[in-house]
Amino acid sequence: MLNAFIHTISWEAQDIISLDLRPTNGEKFPAFTAGSHIDLHLPNGLTRSYSLKNDPAEIDRYVIGVLKDKSSRGGSRSVHESLRVGTTITISEPRNAFPLQKSANHSVLVAGGIGITPLVSMAKHLVSTGACVEVIYLARSAANAAFVPELQALGIPLHLHYDDENGGPADLQALLAARNQSGTHYYACGPAVMLDHFVACCERLGYGARTHIERFSAVAVAAADDAQSHYTLVLQRSQKTITIQSREQSLLQAIRECGVEPMTSCEEGLCGACETQVLEGIPDHRDSVLTDAERQSNQLMMICVSGCKSQRLVLDL
């Protein structure tokens with residue numbers, strides 16, 4: 001964990017603020033890569049993850065963007081209403097479940113609303129390295145669009161679509177189809193409906209293997225038909241063996257009940273904090289983090305939501 005203080009709070013758009021966090025010891029934060037997020041441990045006891053917006057070259061600060069969600073369960077409301085300049089807060093080190101692909105010849109960054117936050121960091125990094133990048137930014141209105149001046153200052157192609165000025169949502173498939181250069185990778189962050197549409201468009205266009213998304217909220221994934229309700233769980237480093245006897249007992253619950261406390265944050269299969277190496281067995285993946293290739297390799301799993309398809313599961317815990 002890291003201790004930080006709020007150096008600056010800035011109004012960025014309707015219901016959106018940015019927080020500039022600095023180290024309390026006056027030194028440097030751990031380095032991060034574009035697409036990373038951090039956890040904030042809020043005054044009301046909640047822990048919430050927020051994407052970093054600033055250039056990864058800036059290790060003297062972390063900057064996040066936070067939308068005050070009308071359906072907030074207490075996280076974004078606490079950030080907007082409880083945090084003030086000078087407040088000291090505990091944060092996690094950065095994690096990245098949404099990395100840039102070094103093999104890309106060109107990067108198309110697609111944002112929906114506050115989903116622009118990690119893409120600003122990506123755009124800044126790509127520009128600083130001389131890479132080819134462009135941004136498609138979709139928002140309900142100009143008043144809802146944050147960080148536009150920063151993107152404009154980068155001098156990269158920027159397509160802005162405001163629903164209220166164009167009579168409705170953008171034709172995302174047409175926008176993506178017009179950006180089909182060889183070696184292009186496509187990234188998107190935004191609301192679930194927008195991301196589902198983005199993925200469907202990319203599949204129809206044949207971009208599937210070169211698409212990357214980050215979600216705000218987890219997608220509920222039911223247990224697989226061949227998921228086991230009775231299996232043996234081995235925690236290799238802790239030298240503990242547990243028998244799971246019911247689907248009602250979650251993997252994470254079983255691990256905690258035997259006295260092992262793994263790193264977790266969202267506990268929804270969304271943030272990647274609980275990523276654990278699989279040493280033996282076949283997980284039943286129910287997360288929103290791993291790629292299809294990572295799931296098929298069965299080398300990693302998110303233990304907060306996933307289960308098991310084999311009679312024995314050995315974890316590096």
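Me: Why is Cys 189 called buried?

Reply: Its relative accessible area is 2%, and buried means under 20%, with exposed over 50% and partly exposed in between (1.4 Å probe, protein chains only). So 2% puts Cys 189 in the buried class. Before we go on: this is a predicted model, where local features need pLDDT of at least 70 and side-chain atom pairs count only at pLDDT 80 or more, while totals for chains, interfaces and linings use all residues. Numbering starts from 1 along each chain as its sequence is written, and side-chain values use heavy atoms, with hydrogens and water left out.

Me: How do you know how many disulfides there are in the whole structure?

Reply: A search of the whole structure comes back with zero. The test for a disulfide is a pair of cysteine sulfur atoms within 2.5 Å. For Cys 189 the nearest cysteine sulfur belongs to Cys 271 and is 14 Å away, which leaves Cys 189 in no disulfide. Cys 201 is in no disulfide either, with the sulfur of Cys 202 as its nearest at 6.9 Å. That Cys 201 is buried too follows from its 0% relative accessibility.

Me: What makes the contact between the side chains of His 185 and His 212 a polar one?

Reply: The distance is 2.8 Å. A polar contact asks for a pair of N or O atoms within 3.5 Å; within protein, one must be able to donate a hydrogen and the other to accept it, and residues adjacent in sequence count only if both atoms are side-chain atoms. So 2.8 Å makes the cut. His 185 sits in strand 10 (residues 184-190), where strands (E, at least two residues) and helices (H or I, at least four) are DSSP runs numbered from the N terminus. With a relative accessible area of 9%, His 185 counts as buried. Leaving out neighbours within four places in sequence, the residues that His 185 contacts (heavy atoms within 4.5 Å) include Gln 101, His 106, Arg 210 and His 212.

Me: How do you know that strand 7 and strand 8 pair?

Reply: DSSP has to find at least two bridges between two strands for them to pair. Strand 7 (residues 106-112) and strand 8 have six, in the parallel sense, so they qualify. Ala 111 is the residue opposite Tyr 137 of strand 8. Between the two strands the chain runs through helix 2 (residues 116-128), and this β-α-β crossover is right-handed: with the strands pointing away from the viewer, the path from the first strand over the helix to the second runs clockwise. Strand 8 also pairs with strand 9 (residues 158-162), again parallel, over five bridges, with Ile 136 facing His 159. Helix 3 (residues 148-153) completes a right-handed β-α-β unit with strand 8 and strand 9.

Me: What makes strand 8 mostly covered?

Reply: Seven of its seven residues (133-139) are buried. Val 133, Val 135, Tyr 137 and Ala 139 point one way, Glu 134, Ile 136 and Leu 138 the other, and all are buried.

Me: Why is the meeting of Arg 256 and Glu 267 called a salt bridge?

Reply: Their N to O distance is 2.6 Å, and a salt bridge needs a side-chain nitrogen of Lys or Arg within 4 Å of a carboxyl oxygen of Asp or Glu. So the pair passes. Arg 256 is in helix 7 (residues 251-257) and Glu 267 in the loop between helix 7 and strand 14 (275-280), so the salt bridge ties together parts eleven residues apart in sequence. Arg 256, at 31%, is partly exposed, and so is Glu 267, at 35%.

Me: What makes Glu 280 and Arg 312 a salt bridge pair?

Reply: Their side chains meet at 3.0 Å, N to O, which means the pair is inside the cut-off. Glu 280 is in strand 14 and Arg 312 in strand 18 (residues 312-315), so parts 32 residues apart in sequence are tied together. By this rule the count comes to 16 salt bridges. One of them joins Arg 22 and Asp 20 at 2.7 Å, and those two are linked with Glu 58 and Arg 61 in a network. Asp 20, with a relative accessible area of 6%, is buried.
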